[in-house]
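I sat down with this one to look up a few things and jot them as I went. My notes follow in the order I made them.

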Amino acid sequence: MVDQSFKGFTSEPRHIDVEKGQLKFFAHATGETNPIYFDEAAARAAGHPALPAPPTFAFSLALGAPPTKGNLLGDIGVDMQRILHGEQSFTYHRPIYAGETITLITTTSDIYEKKGGALEFIVQDTKASNAAGELCVDMRVVTVVRNG
C-alpha cells in the first residue's frame, strides 16, 4: 500500500543541467523533424538563444533528478512492477534551453484509491524553473498502482 503520509508533501529543490546531446536524442526519439531541435544555427535563426527543449522533454529532466524524499519508488513505497502511467500534462510558461540549469520541485498533491483499494492513484505536480527563477513548465503526473 502507498504511504498516505506523503499526501501534500513537497520535495527538496533538485537541479539538473540541460545538455545539447540529450535534447537532440529526445527530439530524434520522439520523431521531431524541426531543425530548431538539432541545429543551433536554425534555432538562433528562429529567435532562440540555444537549442530549445522539445515538447515533453521536461519529464525526462524529472526522471533524471528524482527527489530524495517523496520518491515514488523510494519512500512512498511503490513497487515498479505494479505501476501504470495514468495521466500526464504540461503547462508551458517559457522555453527550456540547452545550457540551462533547471530546478525541479515536486509536490505529491493527492493520493487516493478506487475499487476498494485495488487501484491507488498518486498525483504529483512538478515545477521546473530556470536559474533566473523563471517558471518554465508545470507538470502533472498521475501514477496508478495496481494492488492485487
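**Entry 1: around N147**

I started close to the end of the chain, where a polar side-chain atom of N147 sits 3.1 Å from the backbone oxygen of G117. I'm working on a predicted model here, so I keep that in mind throughout.

Where is N147 placed relative to strand 5? I find N147 in the segment after that strand, which covers 135-146. Buried or exposed, then, for N147? N147 goes down as buried, because its relative accessibility is 18% and the cut-off for buried is under 20%.

I then checked what else the side chain of N147 meets, and it makes a polar contact of 2.2 Å with the side chain of R82. With neighbours within four places in sequence set aside, the contact list of N147 reads M1, R82, G117, A118 and E120. So R82 and G117 turn up in that list, R82 with its side-chain polar contact and G117 with its backbone oxygen.

**Entry 2: the overall layout**

I stepped back to count elements and got 3 helices and 5 strands. Along the sequence they run β-α-α-α-β-β-β-β. The C-alpha trace spans about 55 × 30 × 20 Å along its principal axes.

I looked up the surface next: about 7,800 Å² is accessible, and carbon and sulfur atoms hold 55% of that. Of the 148 residues, 39% are buried. For contacts with a separation of 6 or more, I noted that 68% are between residues 24 or more positions apart.

**Entry 3: aromatic pairs**

How many aromatic pairs does a search of the whole structure find? I got 4. I wrote down two of them in detail.

In the pair of F6 and F9, the ring centres are 5.5 Å apart and the planes stand at 85°, so I file it as edge-to-face. F6 is buried at 6% relative accessibility, while F9 comes out as partly exposed at 23%.

F26 and F57 make another pair, with centres 5.3 Å apart and planes at 80°, so this one is edge-to-face too. What does the pair link? I see it tying together distant parts of the chain, with F26 in helix 1 (residues 20-29) and F57 in helix 3 (residues 57-64), 31 residues apart. F26 has a relative accessible area of 14% and counts as buried; F57 is buried as well, at 3%.

While on rings, I also noted K114, which lies over the face of F121 at 5.3 Å from the ring centre.

**Entry 4: nonpolar cores**

Which residues have the most contacts inside the largest nonpolar core? I list L61, I96, I102 and L104, in a core of 25 residues. Helix 1, helix 3, strand 3 (101-114) and strand 5 each put in at least two residues. Helix 3 gives the largest share of this core, 4 residues.

I pulled up L104 for a closer look. Leaving out neighbours within four places in sequence, L104 is in contact with E12, P13, R14, I16, L61, A62, A65, T126, K127, A128 and M139. Another core lies apart from the big one; it has 8 residues, including V2, L72, I111 and I122.

**Entry 5: T106, S11 and R14**

I finished with T106, which has its place in strand 3. T106 is buried, with 7% relative accessibility. How far apart are the C-alpha atoms of T106 and T126? I get 4.2 Å, for residues 20 apart along the chain.

Beyond four places in sequence, T106 touches F9, T10, S11, R14, Q124, D125 and T126. F9 from my aromatic notes shows up in that list. The side chain of T106 also has a polar contact of 3.1 Å with the side chain of R14.

S11 reaches R14 as well, through a side-chain polar contact of 2.8 Å. I place S11 in the segment before strand 1 (14-17), and at 8% relative accessibility S11 is buried. With neighbours within four places left aside, the contacts of S11 are P67, K69, I105 and T106.

To tie up the entry: R14 takes side-chain polar contacts from T106 and from S11, and S11 and T106 touch one another too.

Notes. Residues are numbered from 1 along each chain as its sequence is written. This is a predicted model: local features need pLDDT of at least 70, side-chain atom pairs count only at pLDDT 80 or more; totals for chains, interfaces and linings use all residues. Side-chain values use heavy atoms; hydrogens and water are left out. Rings of Phe, Tyr and Trp (its six-membered ring) pair if their centres lie within 6.5 Å; planes under 30 degrees apart count as stacked, over 60 as edge-to-face and the rest as tilted. Buried means under 20% relative accessible area, exposed over 50%, partly exposed in between (1.4 Å probe, protein chains only). A charge sits over a ring if NZ of Lys or CZ of Arg is within 6 Å of the ring centre and within 35 degrees of the ring normal. A polar contact is a pair of N or O atoms within 3.5 Å; within protein, one must be able to donate a hydrogen and the other to accept it, and residues adjacent in sequence count only if both atoms are side-chain atoms. Contact means heavy atoms within 4.5 Å. Accessible areas come from the Shrake-Rupley method with a 1.4 Å probe; for residues, only the protein chains shown count as cover. A nonpolar core is a set of buried Ala, Val, Leu, Ile, Met, Phe, Trp, Tyr and Cys residues joined through side-chain atoms within 4.5 Å.
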